Amino acid sequence: MRRRTRALSLSLLVLLAFGGVVSPAQPAGADEVKRTAECQGDWLPATPTSGDIMSGQLSFLGLPAVKVPKNVNWRWSPYKNRSWDMVFHSLRWMGRLVADYEVNGDAAYLARATEIAKDWVQDNPRGGRNTAPDAWAEHPIALRAPALVCLSKHVSADWLTRTMSEHARMLSDPKLYEKGHNHGIDQDIALLGIGCRYNRDEWSDLAVRRLTETVRLDVDSQGALREQAPRYALYVHERLAVAIANLKSCDRKVPAEISRRWKSLEGFISHSTQPNGQMVPIGDGGADVKPGGHFEQPKQTVKVFGGAGYVYGRTAWDDPKSAYYSIRFGPALKFHGHEDHLGVTYYAQGRDVLVDVGFDSYEDTAYRHWTMTPQAHNVPVVAGAAFRGGTVSPLVKSTIGRDEQSYRLTDKAYGVSRNRSVLVHHGEDLMAVLDSTVKGSKISNIWHFAADLSTVSTKAGRVVVRDKNGWKATLVQLKVPSCAPVSGLKVVKGAKGPFQGWVSPAYLQKRSAPAVLSPASADPLLTIVVPGVDSPRVSCSGGKVTVETSDGDVSFRAGPSGLA
């Protein structure tokens, strides 16, 4: 699996301050220690705290704390979790001690930080026989370097200078550089930090050149992140804030391209955030991610990010009961993406209705791999045909009105055309989806409901779900053009062979949830999702479909040209 799968979303904003060097052997009070730009800021982890570290307790990723002896075993992997190992070797937790030393003047904090860093350097020579496997991977290098720079503001030692020089050489290596990716941004921040700390212009200049190119590749002209997981737009925005602050503190001009694209990410993050404040969990994005920044509210309630392949729409801003939907299309799979093309999510009346299964972890498990497949998304499937990963899926048409939007998408991910039309009606909340394929093939589809919804009934082409408070929604499925109800709809919940009927609400968590699987049909399948209603009237006549919603009737046309 590619090195990028070691990524971890860390919230990182820097607070600027300036200061000098204090010997670790010299006790100092809080008033005598200068706070430094290199050590202060949100780049430091919230956990573990300095008190935890001093007592030998380490807690990463929300996993239970583990006891770490004074003489650290750097090959230790208590959870056999690659993200845990990466954070362990990043030494950011060591940097927490130095930052707090600057605040409280406790020399014991600085002494322990020095012990940890020196022990890591001694036990992990690059290429050493007993060096930990993750010690010199590209991302830990990039995340560890700023912690070492921070330590160097208060400790002067040959071993520290040597290892930082070696880190700079590794960060400069074009073979290790992750161009156009968030890891590349981390690498550039790290190299800039070392270059600025030791007045090495060749390192700082390289970092600025690469960062400008990487930002241009990673963030498109609309402000959309190209890594295919919206939550990484939040990470990249925060990391670029660090990069911009570090450039200024190093008395370097911030390239206009970096400033412009950094600012443009805010619109993409806002559009990717549901009315409940959580980012829609597309790709490697957890369902519990909430942007902490207060970004300027976009004027548009519907936005098509054509280059990156996202459609986002909502009824209104600043209304938790606003309807909201997402649609995926566009470029082939890359970086943090899933095979979710033509997939939709739907939020209405203050609730998640149709959801993406979401992100579990980067661990090499069967469940993780399933979450990346089409079967973990609300997509059409051509029955009996092999899936072709990495297929481009164009958005061929969009019609955007104030209360109603419609879209047509297509691709050949199964070797033949699969076509999807999506219509969303606001006010009288409704989502309608028409799926079809070529003559001689059959189409089916999958629908994932939120985990807090349970199945009430399944009959006559209808599935009714409800939450614990009695709110209900109905999924209706008909064949087109006959409008005959589809028989044989199947609801699966919590299955493991194969996986189906699960969602991941947070890291390393999964909950059983109802998934509706339709039988394969030679006729196009019309799926209608009606929030707030458990027995909506549906009538068809001459291609016109009329549906009863919680706020009145909605009519639209369903035919060979899609939905309108």
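1. Val-486 sits in the loop that runs between β16 (472-479) and β17 (490-492); strands here are DSSP runs of E, at least two residues, and helices runs of H or I, at least four, numbered from the N terminus. This is a predicted model: local features need pLDDT of at least 70, side-chain atom pairs count only at pLDDT 80 or more, and totals for chains, interfaces and linings use all residues. Residues are numbered from 1 along each chain as its sequence is written, and side-chain values use heavy atoms, without hydrogens and water.

2. Val-486 counts as buried, at 3% relative accessibility. Buried means under 20% relative accessible area, exposed over 50%, partly exposed in between (1.4 Å probe, protein chains only). Beyond neighbours within four places in sequence, its contacts include Gln-477, Pro-519 and Leu-525; contact means heavy atoms within 4.5 Å.

3. The same loop, between β16 and β17, holds Cys-483, and Cys-540 is in strand β24 (residues 538-541), so their pair ties together parts 57 residues apart in sequence. Their disulfide has an S to S distance of 2.1 Å; the cut-off is sulfur atoms within 2.5 Å. The torsion about the S-S bond is about -85 degrees, so this link is left-handed. Cys-483 is buried at 16%, whereas Cys-540 is partly exposed at 34%.

4. The structure has three disulfides. Cys-39 bonds to Cys-150, sulfur atoms 2.1 Å apart. That link is right-handed, with 110 degrees about the S-S bond. Cys-39 precedes α1 (50-54) and Cys-150 is in helix α5, 111 residues away.

5. In α5, 15 of 15 residues are buried.
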